[in-house]
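Hi,

Here's the structure I promised to pass along. Have a look at it first, then read my notes underneath.

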Amino acid sequence: MICPKCGERIPDDSVFCQECGYKLESDRKKRCEICGTYNDWDAMFCERCGQPLEDEEPETVEKGNRIQGKTIVLCGIFIAVIIGGIAGLMLWDHMQQGKKEENVKAEETVDSTPKGQEDKPEEEQTKPQEQSKPVAEEKIEEKTDYIIPESASKLLAVADIQNLSVKELNYARNEIYARRGRRFKSQELQNYFDAKSWYHGIYDPEEFDEMYSDSMLNEYEKKNADFLREQELEKDPEGYQLDE
């Protein structure tokens with residue numbers, strides 16, 4: 001694929017030009033499994049209901065080729081099993097032959113040993129004691145991937161956030177933007193969301209706020225973002241102070 005803006009060659013499945021950052025248009029659509037809405041191919045959430053969209057990889061191999069490939073793999077496995085079985089039988093036979101020779105030698109040794117001077121059995125080696133595990137281990141609090149998973153699908157109420165701290169309210173509000181691929185000026189927030197498996201930061205803060213926030217956020221997200229900000233300021237008039 002050639003970037004229409006800078007002319008550089010880029011991968012066919014690119015969403016943005018790696019050289020100039022130009023956003024590429026795509027005719028491919030993603031269908032929401034919940035409401036059936038067709039969304040832009042690079043959309044991460046349904047623009048109608050806010051449901052996260054799963055990536056669909058295009059079929060690159062014909063069905064016949066896939067069947068042929070599976071057949072080859074199965075044949076290879078079958079041949080490998082046969083060869084392994086033959087090798088196993090040969091090894092087993094070799095081991096049995098070795099045991100017979102050892103038994104013959106042992107019988108000859110017993111016959112030649114004077115009575116009363118039989119070999120004493122070797123002492124069993126003591127097994128090293130397993131190191132005991134610490135009695136008390138620090139418990140790490142397991143957190144869900146989202147602070148408020150339903151913030152994109154329903155209007156939040158006070159009961160939903162009453163146990164959240166000022167910091168968590170701030171993170172929950174920015175979580176709404178992070179779902180849509182926004183990056184953050186605050187290193188604290190950026191580090192927090194970079195650690196999430198679902199996060200893909202693709203938009204600069206200014207670019208997102210100016211061009212995409214209104215079109216990408218659904219009504220639930222917009223109202224919930226305002227609500228979370230109000231609740232944050234209600235608990236602390238200065239709000240949570242992020243580390244830059």
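Below is what I found, starting with the ground rules and ending with the aromatic rings.

Bear in mind that this is a predicted model, where local features need pLDDT of at least 70 and side-chain atom pairs count only at pLDDT 80 or more, while totals for chains, interfaces and linings use all residues. Residues are numbered from 1 along each chain as its sequence is written, and side-chain values use heavy atoms, with hydrogens and water left out.

On confidence: pLDDT is the predictor's confidence in each residue, from 0 to 100. The protein averages 79, and 75% of the residues score at least 70. Watch out for residues 123-143, where pLDDT stays under 50. The model has zero contacts (heavy atoms within 4.5 Å) beyond four places in sequence for that stretch.

As for the fold, the protein has six helices and two strands, in the order β-β-α-α-α-α-α-α from the N terminus. These are DSSP runs numbered from the N terminus, with helices being H or I of at least four residues and strands E of at least two. Of the elements, H3 has the highest mean pLDDT (96) and strand E1 (residues 29-31) the lowest (77). Out of the contacts with a separation of 6 or more, 46% are between residues 24 or more positions apart.

Of the 244 residues, 27% are buried; that means under 20% relative accessible area, with exposed over 50% and partly exposed in between (1.4 Å probe, protein chains only).

Now the rings. I paired rings of Phe, Tyr and Trp (its six-membered ring) if their centres lie within 6.5 Å, calling planes under 30 degrees apart stacked, over 60 edge-to-face and the rest tilted. That gives 11 aromatic pairs. Tyr171 and Tyr192 are tilted, because their planes sit at 55 degrees, with the ring centres 4.6 Å apart. This pair links helix H3 (residues 166-179), home of Tyr171, to helix H4 (residues 187-194), home of Tyr192, 21 residues apart. Both Tyr171 and Tyr192 are buried.

Tyr171 also pairs with Tyr240: the centres are 6.2 Å apart and the planes at 80 degrees, so this one is edge-to-face. Tyr240 lies in the segment after helix H6 (219-235), so the pair ties H3 to a part 69 residues away in sequence. Tyr171 has a relative accessible area of 7%, whereas Tyr240 is partly exposed at 23%.

Ring pairs join these three residues with Tyr146, Phe184, Phe193, Trp198 and Tyr199 into a cluster.

Cheers
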